[in-house]
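Q: I have a model open and I'd like to learn how to read it feature by feature. Can we go through it together?

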Amino acid sequence: MYDYSYLIFVVPALLLSLFAQFGIKSKFSKYSKKLSQRNITGTQAAAFLLKANGITDVKLGRISGNLTDHYDPSGKVLRLSDSVYNSTSIAAIGVAAHETGHAIQHNKKYGPLNFRRFLVPVANLGSQAGPLLAIAGIVMSLPILINVGILLFTGSVLFYVVTLPVEFNASNRALKILKQYNVLSDEELRGVKKVLKAAAMTYVASALVAIGNLFRLIFISKRRR
């Protein structure tokens with residue numbers, strides 16, 4: 001009999017994920033064409049905001065690709081992509097400010113960020129081994145193996161869920177500090193808000209895909225027992 005659980009639990013989240021990816025690319029492309037009035041680059045904006053928040057031990061680096069920007073808390077390095085590093089666009093400044101928000105979170109020992117770092121090895125193990133163990137347990141009719149697999153995968157799902165407040169908070173910090181230090185005008189801030197909101201939707205979609213896969217795994221395991 002055909003397994004409809006994938007259509008029920010996973011496909012809607014995957015469609016949302018595709019829509020979210022299209023949304024962030026569209027918004028970033030649109031506001032990459034709108035240059036900031038102050039004519040500062042993403043790197044300059046990040047450096048200014050770090051200094052304004054008393055953070056002097058974070059290095060700025062460059063990374064190839066598009067929208068590959070990230071903050072590395074282990075090395076205290078804020079890496080900006082090719083499309084952000086030297087760009088003076090509203091989109092570039094917004095993304096740089098968002099990543100600076102993560103550096104500020106780290107500096108202030110923001111709880112959810114620390115918890116997410118703790119979950120990284122759990123998520124890596126759970127995403128790879130969890131489904132395999134659960135499926136093997138279903139095939140061999142071993143409930144203990146099913147339970148271990150589902151438990152491991154739950155750890156991976158938890159990582160995606162915890163990522164949401166971390167990313168939302170970083171975006172809120174970005175908007176707040178850009179306004180506080182008059183880096184952008186109110187009109188420019190509205191553009192940044194649209195870019196960051198579109199980016200946030202990609203994290204929401206990823207979390208829903210993970211949750212959908214977990215529900216599907218639980219559904220299949222209960223049906224086969």
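Q: Let's start with Ser5. Where does Ser5 lie?
A: Ser5 sits in helix H1, which covers residues 5-32. Keep in mind while we go that this is a predicted model.

Q: Does Ser5 count as buried or exposed?
A: The way to read this is to take the relative accessibility and hold it against a cut-off: buried means under 20%. Ser5 comes out at 2%, so Ser5 counts as buried.

Q: Which residues is Ser5 in contact with, leaving aside its neighbours within four places in sequence?
A: With those neighbours left out, you get Val10, Arg216, Phe219 and Ile220. Arg216 deserves a second look: its side chain and that of Ser5 are joined by a polar contact of 3.2 Å.

Q: Phe219 is on that list, and I'd like to read ring pairs too. How many aromatic pairs does a search of the whole structure find?
A: Five. In general, you describe a pair of aromatic rings by how far apart the centres are and by the angle of the planes. For Phe9 and Phe219 the centres are 5.7 Å apart and the planes are at 55°, so that pair is tilted.

Q: Where in the chain are Phe9 and Phe219?
A: Phe9 is in helix H1 and Phe219 is in helix H7 (residues 186-224), so to speak a link between distant parts of the chain, 210 residues apart. Both rings are partly exposed: Phe9 has a relative accessible area of 25%, and Phe219 has 34%. Ring pairs also bring in Phe215, giving a cluster of Phe9, Phe215 and Phe219.

Q: And what about the rings of Phe48 and Tyr181?
A: Read them with the two numbers again: centres 5.8 Å apart, planes at 90°, so this one is edge-to-face. This pair also links distant parts of the chain, 133 residues apart, with Phe48 in helix H2 (residues 42-52) and Tyr181 in the loop between helix H6 (143-180) and H7. Phe48 is partly exposed at 39% relative accessible area, and Tyr181 is partly exposed at 25%.

Q: Which residue lies over the face of Tyr110?
A: That's Arg173, at 5.5 Å from the ring centre.

Q: Now the sheet. In what order do the strands come?
A: General idea first: strands of a sheet pair through backbone hydrogen bonds, and the pairing is either parallel or antiparallel. Here three strands make an open sheet in the order E1-E3-E2, with mixed pairing. Strand E1 (59-63) and strand E2 (70-72) are the edge strands, each pairing on one side only. From one strand to the next, the twist averages 30°.

Q: How many bridges join E1 to strand E3?
A: Five, and E1 and E3 (residues 77-81) run parallel. To follow one of the partners, pick Lys59: its bridge partner in E3 is Val77.

Q: Which helix lies across E2 and E3?
A: Helix H4, residues 90-107, and it runs at about 25° to E2.

Q: One last residue: what does Asn107 count as, in terms of accessibility?
A: Asn107 has its place in helix H4. Its relative accessibility is 39%, so Asn107 counts as partly exposed. If you want a distance to try in your viewer, take the C-alpha atoms of Asn107 and Lys197: they are separated by 24 Å, and the two residues are 90 apart along the chain.

Definitions and conventions:
Residues are numbered from 1 along each chain as its sequence is written. This is a predicted model: local features need pLDDT of at least 70, side-chain atom pairs count only at pLDDT 80 or more; totals for chains, interfaces and linings use all residues. Side-chain values use heavy atoms; hydrogens and water are left out. Two strands pair if DSSP finds at least two bridges between them. Helices (H or I, at least four residues) and strands (E, at least two) are DSSP runs, numbered from the N terminus. Axes are lines fitted to C-alpha atoms, for helices over the stretch in contact, and angles run from 0 to 180 degrees between N-to-C directions. Contact means heavy atoms within 4.5 Å. Buried means under 20% relative accessible area, exposed over 50%, partly exposed in between (1.4 Å probe, protein chains only). A polar contact is a pair of N or O atoms within 3.5 Å; within protein, one must be able to donate a hydrogen and the other to accept it, and residues adjacent in sequence count only if both atoms are side-chain atoms. Rings of Phe, Tyr and Trp (its six-membered ring) pair if their centres lie within 6.5 Å; planes under 30 degrees apart count as stacked, over 60 as edge-to-face and the rest as tilted. A charge sits over a ring if NZ of Lys or CZ of Arg is within 6 Å of the ring centre and within 35 degrees of the ring normal.
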